[in-house]
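Reader: I should like to request a close look at a single part of this model, set in the context of the whole. Please proceed from that part outwards.

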Amino acid sequence: MKDMNPDALVLGIETSCDETAAAVVRGGREVLSSVISSQVDLHQKYGGVVPEVASRNHLERILPVIDEAISLAGVGLSQIDAVAVTHGPGLVGSLLVGVSVAKAVAFALQIPLIGVNHVEGHIYANFLAFPELKPPLICLTVSGGHTALFAVQQLGQYEMLGQTRDDAAGEAFDKIARVLGLGYPGGPEVERVAREGDPEAYDFPRALSGETTLDFSFSGLKTAVLNHLNQRRQKVGVAGLVPGEIADIAASFQAAIIDALEEKVIFAMERTGINQVALSGGVAANRALRERLQRSTELRGGQFFAPPFDYTTDNAAMIAAAGFHRLAAGERSELSLNAIPGLQFGN
Ligand code: KG4
Ligand code: ZN
């Protein structure tokens, strides 16, 4: 470890989308505090995140959130050894708030700063939750902005095995929730309604199934659900859908997403010979997905990991943990660190 104390206290800051979050993590694994201030209520009435509203809100909340994280951790600001901040991908105005504050803290305390990729943060949620977890592992990252499969051979090294060619899985959940007249964010709503429905009621497409690629595609599925709904509504009118129809559509849609994700995870296990599978990102909160992946991983003699719900949504503990490992490897960001909305990840 290059001039990093193994018990170093890292302040993590996350403002890439609509959660203002700060956390203090010791030694990359022990979470002393993790504060998340969600803006969901603010964006609900618009049916999605409004970027300007999000950044203005981060600006109001970020310092009280950091203050709370420091005091809950039971440490003084002066005891913080380094600052880790999400610098991409995400909404530029939102990212800039976190990056600016992180730079100010690092500058004032004269401590190292590290910019962290949000996707790497999501993967690290698993290392935080399962201290015994060691690479190699396959990680399926499914969020509102990303859907990708990574092979993690070593901490900090990510080979992208495949990714979505169009919509992210969470984005598909959100769009389908909207057309079904369900609330925002869509994933939890679709999951709730799907519990009452029949997943085999409709045979929606599983794109790229049976093909050797580890990529995903969800835009055809979204279109198929939309076409089906439009045809039905033309026939029966909006109010005329029979009871249970929405639940059946939600369940069949969710089943199509889960089937596609499961098939590629199994294929990735076979291709790489890696038998540890970890799930990350907002969609990792989906119980049906967790249960299915757990079953199929264990059936093949593997082990499945999914972080507790607090670590599946955007949080700063995962950013502090990922930042710690980069700092320990000797990496540092300059005080000129910038927000990069389209920051890429994996090689
Ligand atoms: O990781 P995240 O909090 O933000 C991004 O980095 O995108 O992920 C948010 C996404 C949203 O699309 C939301 O609908 C989805 O995760 N999500 C779910 C569930 N809970 C959240 N999708 C399916 N089932 C859920 N239970
Ligand atoms: Zn996220």
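My question concerns one residue: does H118 count as buried or exposed, and what is its relative accessibility?

Author: The model discussed here is a predicted one. H118 counts as buried, because its relative accessibility is 6%, under the 20% limit that defines the term. The residue is one of the protein donors of the zinc ion (ligand 2). The donors are H118 through NE2, H122 through NE2 and D314 through OD, and they lie 2.0 to 2.1 Å from the ion. H122 is likewise buried, with a relative accessibility of 1%.

The arrangement of these donors along the chain follows the spacing H-x3-H-x191-D. H118 and H122 both belong to helix 4, which covers residues 118-129. Because they are 4 residues apart in that helix, about one helical turn separates them.

The stretch of chain before helix 4 deserves attention as well. Strand 5 covers residues 113-117, and a loop lies between helix 3 (92-109) and this strand. Q110 is found in that loop, and its phi is near 55 degrees, a positive value in a residue other than glycine. With a relative accessible area of 63%, Q110 is exposed. I111 lies in the same loop between helix 3 and strand 5, yet I111 counts as buried at 15% relative accessibility. Leaving aside neighbours within four places in sequence, I111 is in contact with I80, D81, A82, V83 and A106. V83 is 28 residues from I111 along the chain, and the C-alpha atoms of the two are separated by 7.4 Å.

On the other side of helix 4, a loop leads to strand 6 (137-142), and P136 is found in this loop. The peptide bond from P135 to P136 is cis, with omega near 5 degrees. A cis peptide bond also joins Y184 and P185, where omega is about -5 degrees. P185 lies in the loop between helix 5 and helix 6.

Helix 6 comprises residues 186-194, and its buried residues are G186, G187, V190, E191, V193 and A194. These buried residues pack against helix 5 (169-179), helix 8 (245-272) and helix 9 (287-299).

Beyond helix 6, a loop leads to helix 7 (219-236), and L208 lies in it. The phi of L208 is near 65 degrees, again a positive value in a residue other than glycine. Whereas Q110 is exposed, L208 is buried, with a relative accessible area of 13%.

L208 is also one of the residues that K264 touches. K264 lies in helix 8 and is buried, with a relative accessible area of 2%. Not counting residues up to four places away in sequence, K264 touches L149, L208, E211, T213, L214, D215 and F216. E211 and D215 are thus among the residues in contact with this lysine. The C-alpha atoms of K264 and L161 are separated by 9.8 Å, although the two residues are 103 residues apart along the chain.

Helix 7 itself contains H228, which counts as buried at 16% relative accessibility. With residues up to four places away in sequence left out, H228 touches Y202, F204 and I249.

The whole protein provides the setting for these local features. The protein has 11 helices and 10 strands, and 54% of its 347 residues count as buried. For a chain of 347 residues, a compact globule would have a radius of gyration near 20 Å; the protein has 21 Å, which agrees. Along the principal axes, its C-alpha trace spans about 65 × 45 × 30 Å. Of the contacts with a separation of 6 or more, 73% are between residues 24 or more positions apart.

The accessible surface of the protein comes to about 14,600 Å², and carbon and sulfur atoms account for 50% of that area. As for charge, the protein carries 27 positive and 39 negative charges, whose mean positions are 3 Å apart.

To return to the part requested, H118 is a buried residue that contributes NE2 as a donor to the zinc ion (ligand 2).

How values were computed
Residues numbered from 1 in each chain as written. Chains lettered and ligands numbered in written order. Predicted model: local features only at pLDDT ≥ 70, side-chain atom pairs only at ≥ 80, totals over all residues. Heavy atoms only, no water. Helix = DSSP H or I, 4+ residues; strand = E, 2+ residues; numbered from the N terminus. Rg over C-alpha atoms; globule rule 2.2 N^0.38 Å. Buried < 20%, exposed > 50% of the residue type's maximum accessible area, 1.4 Å probe, protein only. Contact = heavy atoms within 4.5 Å. Areas by Shrake-Rupley, 256 points an atom, 1.4 Å probe, with all protein chains shown as cover. Lys, Arg positive; Asp, Glu negative; His and termini not counted. Charge placed at Lys NZ, Arg CZ, Asp CG, Glu CD. Donors = N, O, S within 2.8 Å, 3.2 Å for Na, K, Ca; no water.
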